[in-house]
Number of protein chains: 2
Amino acid sequence: MNTTNINSPTLLLNKEQVLKNIETMAIKAKKHHLIFRPHFKTHQSAEIGNWFKDVGVDKITVSSVGMANYFAHAGWKDITIAFPLNVRELNDIENLAKKIKLNVLINSLETMQYMVKNGTQNIGYFIKIDTGYHRAGILAENVEQIQQIIETAEQNKNLYFKGFLAHFGHTYHANNQSDILKIFETGRTKLANLKEHFIHQYPNMLISIGDTPSCTLANNFSGIDEIRPGNLVFFDLMQSSIGVCHEKDIAVAVVCPVVDKYPERGEVLIYGGAVHFSKEYIFNKQRNKIFGKIAQLSQNGWTEMETKIYLSSLSQEHGVIKAPKSFINSLKIGDLLAVLPVHSCLTANLLKEYLLLDGEKIKMWRNC
Amino acid sequence: MNTTNINSPTLLLNKEQVLKNIETMAIKAKKHHLIFRPHFKTHQSAEIGNWFKDVGVDKITVSSVGMANYFAHAGWKDITIAFPLNVRELNDIENLAKKIKLNVLINSLETMQYMVKNGTQNIGYFIKIDTGYHRAGILAENVEQIQQIIETAEQNKNLYFKGFLAHFGHTYHANNQSDILKIFETGRTKLANLKEHFIHQYPNMLISIGDTPSCTLANNFSGIDEIRPGNLVFFDLMQSSIGVCHEKDIAVAVVCPVVDKYPERGEVLIYGGAVHFSKEYIFNKQRNKIFGKIAQLSQNGWTEMETKIYLSSLSQEHGVIKAPKSFINSLKIGDLLAVLPVHSCLTANLLKEYLLLDGEKIKMWRNC
């Protein structure tokens, strides 16, 4: 790999690993007879989106109306905006619904009443179900309220019921695989019960779930029809720290120049800060905050180091790395280090451009 | 203020307050005979940069080579890049130095040796001094190493010594005004001693300090020649929480639509997440993480609320607000709330556009 032209924080992408990650999930979806509707908020790139087409994906998930427009423009014809319908954007949503098959999320009777009154375009809706994450949605137990929303929707013939959608986001805060599977199983059971209750009335309804941890680790998808994992395309340290992937599965790294060295206090200063990584962190066993882990650049991208060297703090443009003295003394100012990000979605969102190992550059949404 | 067209997270800017904040600091600099070289990494906008010209500012600070180019293009002729010189960017730095008066930061003998060998353009350099923050720079006590760097530089006639530069970044982690002033005074004393040591040899040398907390609160600048505060232009909750400003001095707020309400658990869901705010937080007295504080939109921008209502968690696009039931019940889905950011620099960097109270829009660097 030629790194001569890398002079500032640069998001390196291992395409081969991305294709592997996509294929693994596509095979799993097929095996379990699940619709694979990947979430594109992680990569936000039309070109990377195209890589999913090779495994037969023709439906996607996004997290905003703007992102939906971007991917519709890139040729996607069936998009779910997996964010509570923002009534202030109804005009933009309807303009898009004129062009493609668009699904939205309904979180409340109040929003549905607004839609019934104002909706003029054919739009599919999922009802957002809260199975225990308690961020958004209607509690799975609240069957009456769910029924009321569906019945209200029937007053407007433009709206059609797609099913129930949930995101087991609390799997991200789990400590290990077993905890993730418990969260998944609780959620799956609640959704399967809901399905049993409604399927006779609405035989075409779907149960859609999100979150990369569940979709990666679970093996009993009974009652589930669709999965929407997003992070799997790249993975990151958050995922590897809870047992969802290995560090070798992580497909992105931020290449950062060394700008100073402090062997006496075991620190290296890099060009790479909160405007490149965001400020998400995990803890190591000693309860130190970890903002990234360091890898060595190699012929084929990067390789893990035996000693665990990590990004210990971030300010706007600076990053501080904790490292053994021997490693620090082996570095020259101007050397490049690869940093595995804690949260690849937020890192990609900030860097807005990918550099492939062969030198090709890929732009993202909102990058001029 | 007309909010009809605000449909997604929007960075509202109170220009009158910005002008007040700038003027206050300009008057203080004048009173203490200090060069006011504001840091533009907070606002990153050519237009807001122009507002500083009205108080006589003609020198600025930036945090990256790209940002220096952007502001040079906008007409600024004297720029300090307050980030350790990244030797990999020397080519870009020298191209810029052909056009304007450019100052860089030297952190080590190794970097200076590189510059001596490779520097071909007239460039001013500050030596970065560490007075206790321990992020970057040479310890103030290390007089011999400092002397060695200056002597090494003399081998290349393109390089001229500007003085010593420090950033008391640990003031951001202080708990109150008194702690900030202690940090400042320790740093000031160390720099004043260094100056006394070198001034006879280098009578034109300057002592330059950064950080909004010190520049705002300190009153004895003896030995200091230049200040580079940046955050003061907007302030934020981090600054108000440590006593540097009042919440009413904060000049930016993110306007976010309400997308759902959960009165039973005291929460409101807004469209506004980590891709709008970043993930910086402060703690309240009860040790809850605060990602923003809520204000009410009003005729002239926004006004604080009596009850302290705050943003308690962020995911990529979602924000969760903790609020009393009575407040939640007064809201309708689709209402707009103003959120005072914890760290205005990172928030502005993500939103990339300002909306003034009169409806005018201002673009930032890297916004197409």
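User: In this predicted model, two residues are in contact if their C-beta atoms, placed from the backbone, lie within 7 Å; how many residues of chain B are in contact with chain A?

Analyst: The contact between the chains draws on several elements of chain B, among them strand E4 (78–84), helix H5 (109–118) and strand E11 (252–262), each of which supplies at least two residues to the side that touches chain A. By character, the residues on this side of chain B divide into 16 nonpolar, 16 polar and ten charged. Facing 41 residues of chain A, the number in chain B is 42.

User: What kind of axis relates the two copies?

Analyst: A turn of 180° with a shift of 0.0 Å along the axis lays chain B on chain A, and the RMSD is then 0.0 Å. The two copies are therefore related as by a two-fold rotation axis.

User: What percentage of the contact residues of chain B recur in chain A?

Analyst: The same surface serves both copies. The share of contact residues of chain B that recur in chain A is 98%.

User: Within chain A, which helix gives the largest share of the side of domain 1 that touches domain 2?

Analyst: Chain A is divided into domain 1 (16–234) and domain 2 (245–363), and their contact takes twelve residues from domain 1 of chain A and ten residues from domain 2 of chain A. On the side of domain 1, helix H1 (15–31) and helix H2 (46–53) of chain A each supply at least two residues. The largest share, three residues, comes from H1(A).

Conventions. Residues are numbered from 1 along each chain as its sequence is written. Chains are lettered from A and ligands numbered from 1 in the order in which they are written. This is a predicted model: local features need pLDDT of at least 70, side-chain atom pairs count only at pLDDT 80 or more; totals for chains, interfaces and linings use all residues. Copies are superposed by least squares on the C-alpha atoms of residues with pLDDT of at least 70 in both. Helices (H or I, at least four residues) and strands (E, at least two) are DSSP runs, numbered from the N terminus. Ala, Val, Leu, Ile, Met, Phe, Trp, Tyr, Cys and Pro count as nonpolar, Asp, Glu, Lys and Arg as charged, and the others, Gly among them, as polar. Domain bounds come from an automatic or database domain assignment.
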